[in-house]
Amino acid sequence: MAAPDWLTARPIAHRGLHDRAAGRPENTLAAARAAVAGGFAIECDVQLSADGEAMVFHDAALGRLTGASEAVGTKSAAELGALAVGGTAETIPTLSAFLAAVAGAVPVVIEVKSRYDGDLRLVTRAAEIAAASGGPVAMKSFDPQLVAALRDLCPPAIPRGIVAETTQDDPAYAGMPWATRRALSNLLHFSDSRPDFLSWRVDDLPCAPTYLCRLLGRIPVMAWTVRNEDQRARAGAHADQMVFEGFVP
């Protein structure tokens, strides 16, 4: 499908319009509501709970943002929902609660986390929730297999995107074969994943995959994560919209 205009119409608040000092940590309902108030689209992340629920949380482990030390996947949705985030009154929301709080007022781009192990439980649950939300929603992942699966899991009205970067210098890639990393860097999975949009690391722009997709395929590009004016200028020159944090555009 052609990506809808709303997907890139407004800057996208990375994990919501978050500010921990102001009592609204990343990926919380407070951060979502602040983005809505500012008229910004929202990007959020989902992880899988022990009982199969899609929870809005970025990390695989709880330690950075909560007082718990376990992995997200070891706790039930109820247990996760009782944890305070960032020392505030905010807790970890389910994806259903997050989308209900936004209530279709702005677009929400849902990033589905993956361990690249073929597990489709999270993407299946997240797609089910997104399809029932009724608002402007898109879904994306670093994992091409999940993006390909979304083609069957989501109705055609929900665009699917691949998140990528040109150089895999994150430790998360360390165990991947060289051929897999090369495929991710160069969109060599394109015939299988067939994304409707790209979400590319801003510091890697410009690059051949994004340039050619915009030029030949008319596939829009989001630039992540824009945190300063130099990155904002780079995104403006080489992408169709930015995923931002740390300032208000």
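These legends go with a set of close-up views of one predicted model.

Residue numbers start at 1 on each chain, following the sequence as written. Because the model is predicted, local features are kept only at pLDDT of at least 70 and side-chain atom pairs only at pLDDT 80 or more, while totals for chains, interfaces and linings use all residues, and side-chain values rest on heavy atoms, with hydrogens and water left out.

**View 1. The whole protein, with its 9 helices and 9 strands.**
Helices here are DSSP runs of H or I with at least four residues, strands are runs of E with at least two, and both are numbered from the N terminus. The radius of gyration is 17 Å, close to the 18 Å that the globule rule gives for 249 residues, so the protein is as compact as a globular protein of that length. That radius is taken over C-alpha atoms, and the rule is 2.2 Å times the number of residues to the power 0.38. Along the principal axes, the C-alpha atoms fill a box of roughly 45 × 35 × 35 Å. Of the 249 residues, 53% count as buried; buried means under 20% relative accessible area, exposed over 50%, and partly exposed in between, with a 1.4 Å probe and protein chains only. Take the contacts (heavy atoms within 4.5 Å) between residues at least 6 apart in sequence: 59% of them join residues at least 24 apart.

**View 2. Helix H1 and what covers it.**
H1 spans residues 29-38, and its buried residues are Leu-29, Ala-30, Ala-31, Ala-32, Ala-34 and Ala-35. Among the elements covering them are strand S1 (12-14), strand S2 (41-48) and helix H3 (95-102). Just past the end of H1, Gly-39 has a positive phi of about 75 degrees. On the other side, in the loop between S1 and H1, sits Asn-27. Its phi is near 60 degrees, a positive value in a residue other than glycine. Asn-27 is also buried, at 2% relative accessibility.

**View 3. A phenylalanine cluster: Phe-40, Phe-244 and Phe-247, linked by ring pairs.**
The structure holds 3 aromatic pairs. Phe-40 and Phe-244 make an edge-to-face one, 5.1 Å centre to centre with 65 degrees between the planes. This pair ties together distant parts of the chain: Phe-40 is in the loop between H1 and S2, Phe-244 is in strand S9 (residues 241-244), and they are 204 residues apart. Phe-244 also pairs with Phe-247, this time tilted, at 5.5 Å centre to centre and 50 degrees between the planes. For the record, rings of Phe, Tyr and Trp (its six-membered ring) pair if their centres lie within 6.5 Å; planes under 30 degrees apart are stacked, over 60 edge-to-face, and the rest tilted. Phe-40 is buried at 4% relative accessible area, Phe-244 at 1% and Phe-247 at 19%.

**View 4. The largest pocket, about 1,100 Å³ of space.**
A pocket here is an open set of points on a 1 Å grid over the protein atoms alone, where a 1.4 Å probe fits, with protein on both sides within 12 Å along at least five of seven lines; lining residues have an atom within 4 Å of a point. Grid points are joined across faces, edges and corners, and the volume is the space filled by probe spheres set on them. Of the 43 lining residues, His-58, Glu-111, Lys-113, Ser-114 and Phe-142 are the closest to the centre. S2, strand S4 (108-112), helix H4 (121-133), strand S5 (137-141), strand S7 (197-201) and strand S8 (221-226) each supply at least two lining residues, and S2 gives the largest share, with 4. The lining has 16 nonpolar, 10 polar and 17 charged residues. Nonpolar covers Ala, Val, Leu, Ile, Met, Phe, Trp, Tyr, Cys and Pro, charged covers Asp, Glu, Lys and Arg, and the others, Gly among them, are polar.

**View 5. Met-176 in contact with Tyr-116.**
Met-176 is found in the loop between strand S6 (160-164) and helix H6 (178-186), and counts as buried at 12% relative accessibility. Neighbours within four places in sequence aside, Met-176 touches Tyr-116, Arg-181 and Leu-184. The C-alpha atoms of Met-176 and Tyr-116 are separated by 9.3 Å, with their positions 60 residues apart along the chain. Tyr-116 belongs to the loop between S4 and H4 and is partly exposed, at 33%. Its phi is positive, about 55 degrees, although Tyr-116 is not a glycine.

**View 6. The cis peptide bond from Leu-205 to Pro-206.**
Omega for this bond is near -5 degrees. Pro-206 lies in the loop between S7 and helix H8 (208-216). Most peptide bonds are trans.
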